[in-house]
Amino acid sequence: MSKPYLDVHPEVAAAVAANQPVVALESTIIAHGMPWPRNVETALRVEEAVRDQGAIPATIAILDGRLTVGLERGQIERLGREGRQMAKVSRRDIPFVVAAGKSGATTVAATMILAAMAGVRIFATGGIGGVHRGAAHSFDISADLQELARTDVAVVCAGAKSILDLGLTLEYLETRGVPVVGYRTDRLPAFYSRDSGLRVDYRLDTPEAIAGALRVKWELNLKGGVVIANPIPEKYAMPAAVIDAAIEQALREADEQGIQGKATTPFLLARVAELTGGDSLASNIQLVLNNARLAAQVAVACCRHEG
Ligand code: PSU
Ligand code: MN
């Protein structure tokens, strides 16, 4: 690829050029979302899960000033080891990190941008950012939602954590014209649990049905992303009471400590993980693997449709 600043891994570039399935994967989840060394193990397992379904994984980050789509194993290890020392990069940060020749882990928003530059349209992650609780006062709304409104990438996730106001997150997505699809469910999943109690806009029960809707959206040039919400497998879901108590405590502590801006989400994620012990991390890993598999199936179905 000859785009300035962009390095697409040859395997990924070849697959995109041949209309073969590719799944984008983000790196903030590696550097800021999980502790070392589980973050590296998980990132590698997620890539394997994508391959097992017949698609090519493209983990995305900024490395030494290069927008990098498709990482080598050593690059994933570096992201995981450097962890929270690595910058967390969203849309607004991209030019500054590149100009300085620095490295950064990409959020959902930044990963969507780099994926789109490389021609990759399906992306798997754990949870998306959203409208934070108390946003009426803090104005804290993740740039992920703006990106979903403007960039043509479908994001497979397990909904969003209830560190967010999920009702307001759905309202925001509705305003911006971003469809929310439930995979085999009528309800928005809440990350660790399968049901937030809120309805999704559309329920689709097969990767082929999702691919069919994506194809129409893309052919009509209806700009913007799609949220494909895939509930955590039943046996890995956490009891609502356990997770709710941890979230309430983490939110209180963030408030007491004056945590704000881009530090908020990593702080809450890390605190919730500490408060629930290893359980939430185990659930988190399983739901990401589950999303990677579905994203790969959708990517395969998209290519079949077009073939
Ligand atoms: N939610 C999670 N795990 C994560 C994130 C969100 O359950 O790792 C990360 C994603 O990279 C997401 C980012 O794009 O946090 C959102 O950060 P913010 O709220 O600052 O926009
Ligand atoms: Mn924010």
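Which residues is threonine 151 in contact with, leaving aside its neighbours within four places in sequence? In this predicted model, the partners are Met112, Ile113, Ala116, Gly224 and Gly225. Threonine 151 itself lies in the loop between H8 and E8. The residue counts as buried because 22 C-beta neighbours fall inside 10 Å, and 20 are enough. Threonine 151 and alanine 109 are 42 residues apart along the chain. Their C-alpha atoms are separated by 8.8 Å.

Alanine 109 belongs to the buried residues of helix H6. This helix spans residues 108-118 and is mostly covered. Nine of its 11 residues are buried. The buried set is made up of Val108, Ala109, Ala110, Thr111, Met112, Ile113, Leu114, Ala115 and Ala118. Two of the contacts of threonine 151, Met112 and Ile113, are thus found again in this set. Just after H6, glycine 119 takes a positive phi of about 85°.

Helix H6 also bears on an annotated position. The unreviewed UniProt entry places the feature "active site" at Glu26 and Lys161. Glutamate 26 is found in the loop between strand E2 (22-25) and H2. Its contacts, apart from neighbours within four places in sequence, are Ile60, Thr106, Thr107, Val108, Thr111 and Thr125. Of these, Val108 and Thr111 are among the buried residues of H6. Glutamate 26 is buried, since 28 other C-beta atoms lie within 10 Å and the threshold is 20.

The other annotated position, Lys161, sits in the loop between strand E8 (154-157) and helix H9 (166-175). Lysine 161 is likewise buried, with 24 other C-beta atoms within 10 Å. Residues up to four places away in sequence not counted, lysine 161 touches Gly127 and Phe191. Gly127 appears again around ligand 1, as one of the closest residues.

The shell of ligand 1 holds 17 residues. Thr28, Gly33, Gly127, Gly129 and Ser142 are the closest. Three helices each supply at least two residues of this shell: helix H2 (28-31), H8 and helix H12 (264-276). By residue class, the shell divides into five nonpolar, eight polar and four charged.

A further annotation concerns Asp140. The unreviewed UniProt entry gives this position the feature "binding site". Aspartate 140 is placed in the loop between helix H7 (135-138) and helix H8 (143-150). What is its degree of exposure, buried or exposed? Neither: aspartate 140 counts as partly exposed, because its 19 C-beta neighbours inside 10 Å fall short of the 20 required for burial. Beyond four places in sequence, aspartate 140 is in contact with His132, Ala135 and Thr264. Ala135 lies in H7 (135-138), and Thr264 lies in H12 (264-276).

Elsewhere, two helices pack against each other. The axes of helix H3 (residues 38-52) and helix H4 (residues 73-82) come within 8 Å. They cross at roughly 145°. The crossing is right-handed. On the H3 side, the contact is made by Asn39, Val40, Ala43 and Leu44. On the H4 side, Arg73, Ile76, Glu77 and Gly80 take part. The residues of this contact divide into four nonpolar, two polar and two charged. The spacing of such residues has a general basis. An α-helix has 3.6 residues a turn, so residues three or four places apart point the same way.

Key: Residues numbered from 1 in each chain as written. Chains lettered and ligands numbered in written order. Predicted model: local features only at pLDDT ≥ 70, side-chain atom pairs only at ≥ 80, totals over all residues. UniProt positions renumbered as here; feature names shortened; annotations may be inferred. Helix = DSSP H or I, 4+ residues; strand = E, 2+ residues; numbered from the N terminus. Buried ≥ 20, exposed ≤ 12 C-beta atoms within 10 Å, placed from the backbone. Contact = placed C-beta atoms within 7 Å. Near = placed C-beta within 6 Å. Nonpolar A, V, L, I, M, F, W, Y, C, P; charged D, E, K, R; others polar. Axes fitted to C-alpha atoms, helices over the stretch in contact; angles between N-to-C directions. Left-handed = near helix turned anticlockwise from the far one by under 90°.
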